[in-house]
Every structure is written in C-alpha cells, then in structure tokens.
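Here is a friendly look at some unusual backbone geometry. Please keep the sequence and the structure at hand as you read.

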Amino acid sequence: MENVQEYFRKNRDEHLRQLKEFLSIPSISSLSVHKEDVQKCAEWLADQCQSIGLENVRVFPTKGHPVVYADWLHAEGAPTVLIYGHYDVQPVDPLDLWETPPFEPVIRDEKIYARGSSDDKGQVFMHIKTLEALLKTEGKLPVNVKLIIEGEEEIGSPHLPEFVEEHQQLLAADCLVISDTDMIAEGRPSICYGLRGLAGLQIDLTGPKKDLHSGQYGGGVQNPAHALAELIASFHDEKGRVAVEGFYDRVAEISEAERKALAALDLDEEEIRKELGVPELYGEEGYTYVERTSVRPTLEVNGMFSGFQDEGIKTVLPAKATAKITCRLVPDQDPEEILQLIEKHIEKHLPKGVTYQVTRFDKGEPFVTPLDHPAIQAAARAYEKVYKVPVTFTRSGGSIPIVATFHKLLNLPVVLMGFGLPSENVHSPNEHFHLENFDKGLLTLSIYWHELNNSLR
C-alpha cells in the first residue's frame, strides 16, 4: 500500500479541489427547480468515472432522475463487487442557520462543509478516488467492479427498483458495498450489518366542513386536533411498546451473539442523554438504548399540525388535523402488512365525530447480513489495519430502502462501510465531513479490495 498511500498524499489537494467541485452542484432531488442540476451532477460523475479509466460508463435515464453506471471487469477469476451510492442531496433549509453557503464548500478545522459532504457525495467520491489510485499505481484492480450511483435516494429511490429489476444481468455481482453510513464515534470504525425497514403514512382527520368559532361551537362539536391527540396516544402503551395489534407478530429476536456485539459498543447512555438535552432517555421496556434504536421496531410521529399556526392566538375550532408517521421495521416485518395493521388500528380507535384518510409514503424492507460472512470479515480486517483499533459491528436504526431491493433481486450479501460520523449534521445545516476519515477511508477501501479478493476468490 506504500505506492497507494504516496499517491493519495501527492494528489490530496487536487482530490479536494475535485470534491469541492462535486459538492458545488445543488443536486437536490426533491425540488423540481433543481432537475437540471441533478442531471448536471450525474454527468459530472460519469465524466469522473471515464477519466479514471472505468469502462462502459453510462448515464441511464429513468422516469425520475438518472442513474450513473460504470465498470471495470478485467480481474480474471476475482470476485465482482457492486458499489452503490447516491449523488442527490437533501434540501438546505433553514438556510439562515448555515455558517457558509451550503453549495460553496469550505474547509475549516480539517472538515469540509457543504450539503452532501457526508451524505453521500463525499463517500461516493472516496470510492472513485480509491479505484483511480489502484489503477494508477498498480495498473489494475484486485477485484472486478461495477458502480451504480443514483440520484433519488433522498426521495426514497422511487425508480431504482424498476431499474434494478430490468438490469439484473448488468448488475450481477458477488457482493454489494455501500458507504452511506456512520462510524459509531470518532476513531471507532464500525461495520453496519443490518438496516431497519421503513413504512410511512399521513393521517388526516376531518371534522366540520370549515374552521369554526371556538366560543360558539366549542364543546358541541368534536375538535379534530383533540381527536388526533387521542388517536396518537393510542399507538403506544405506558411502557413504550407499540400498541398496534399484530405489530410484533413477525419480529425476529436477535441472537445472543448479536446482543453481545451491541453491548460491546459500550455506549454511555448518560452522555447521550446530556448531548441530546433531555431529562431522561425513554423507550420500550426491557431493552437498552442501543437495542431500542437499532434492532427493535418503532412507530414515531414525525409531525402534527392543525388549526391556527401563526403568532398570537386565533380562537378557532379547526376543521382538520394531520399527523405524519414513520415506522422503523426489523426482520421479518413486512412494510405493507404494517401499514394495513395501522389502518385497522385507526379505524378501531377513531374518536367519534371525525372521519379519516390515510396517505401512504415510503416503504422499505429491513435486511441483515450474517456477521461471519467473509465479505464482512474482510471489511473488519481492512478497517483495523488503518485505524489500529478493533472494529465494532452495528445494526443501523436508519433505513436505506433500496438495499433490501438489491438483496432480494440480486441475492447479494451487503457490506455497509461507512466513514461518516453521527455529529456531522447530515440533513441539517452545516453538514460536514471529517477529512481524517476521508484520508483513512481512501486507504481502508484500497486495502479492502485486496482483502475481499482473498476472501471470496
């Protein structure tokens, strides 16, 4: 790895210049005003792949934003790796909380600040520069590589499942590698071997046909805001357990080995409490904080609104009330079944005097790759050679819905090698990426491809 390390040192300034260029493109997939920027970003990425020596580079159109594909398939007898990432980013609101403009990248205190720096442009860029370094210094790659980089992850990857299904032969590989997750803490590399699934919905309750004067009608007409509060309260019992009938019927209990692995993370719950600024932590009885947030299913209210929202007071009895809800799911829960159970719960517990409507949103299945899989163990060795500490194994509380699709359609083990940190303000103002992990990540990935070749050959 000495030649590779020297290559990274020699080209660091140029690589950071290119990364800034990548981060400067406002590829916000959720806003139609940025459609051309998303297209521009895909083309920029394709040009990068072409310039480093990857082949069969294409920008595939979809019914939404494009998918970038590239490959290098000359490692005879070696395994084939599919690398997935995304080049789209979240909106930047609230803009006034950014210390510097979100699409004018700057480096402060060895951190690069910009929207997408950690999620996920910075980590995608690391993969491209790693392949470049190996091709430049060794003249070849130790494994066959296929890249698929999408532009819709931040809106739930609505068109990627269809793309994957239609291109299964093109995307066929021996394992899937993704860098779109966090390390557990600074200096503590971690491999995520599982993700929770996702089921989202919106509940709209309607009472009177228009807002009413609360003095004239209050006490004689059901208030949709009151009804919504009552309905929301019915979703959990007093011990933090989801009270939707059948919600836990398919939940697969984790093994003792996994429980020990999570305990070995040795998270300081009191420190977490202080950092979050809450009086106490809360959750399902009988489980630790790390278990509640990674291997147990949840039902969370993401937003509630009704009636008058502006400054001051307006004495109305609102006509409508709305709640947005997402559930994080674990093996073997099915998102479609969970949504059906929630709708049945709403119908059963609906307060009198209102009607309801449910709108479904994102869905994604959970997945887990066995801890002892050779591709996982190869990643652990690569991390430990660079970071000089034992790797930790985690299951993320978050969701990357397309991962389960890859697993299901392509039958691939999935390795989540993240280099971000929980403190990097992903999806928030002042998102940033630690350059220490950028540098170490480049070397870790370079080693990993050799370790993976030895493990899967």
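What follows covers cis peptide bonds and positive phi angles.

This is a predicted model, in which local features need pLDDT of at least 70, side-chain atom pairs count only at pLDDT 80 or more, and totals for chains, interfaces and linings use all residues. Residues are numbered from 1 along each chain as its sequence is written, and side-chain values use heavy atoms, with hydrogens and water left out.

Most peptide bonds are trans, and most residues other than glycine have a negative phi. Let us start with the cis bonds. One runs from D93 to P94, with omega near -5 degrees. P94 sits in the loop between β3 (80–86) and β4 (106–108). Helices (H or I, at least four residues) and strands (E, at least two) are DSSP runs, numbered from the N terminus. Another cis bond links P331 to D332, where omega is about 5 degrees; D332 belongs to the loop between β13 (320–329) and α11 (335–349).

Now for the positive phi angles, listed here with their loops.

| Residue | Phi | Loop |
|---|---|---|
| D109 | near 55 degrees | between β4 and β5 (111–113) |
| N430 | near 65 degrees | between β17 (414–417) and β18 (432–434) |

Is D109 buried or exposed? D109 has 68% relative accessibility, so it counts as exposed. For N430 the relative accessible area is 13%, which means that N430 is buried. Here buried means under 20% relative accessible area and exposed over 50%, with partly exposed in between (1.4 Å probe, protein chains only).
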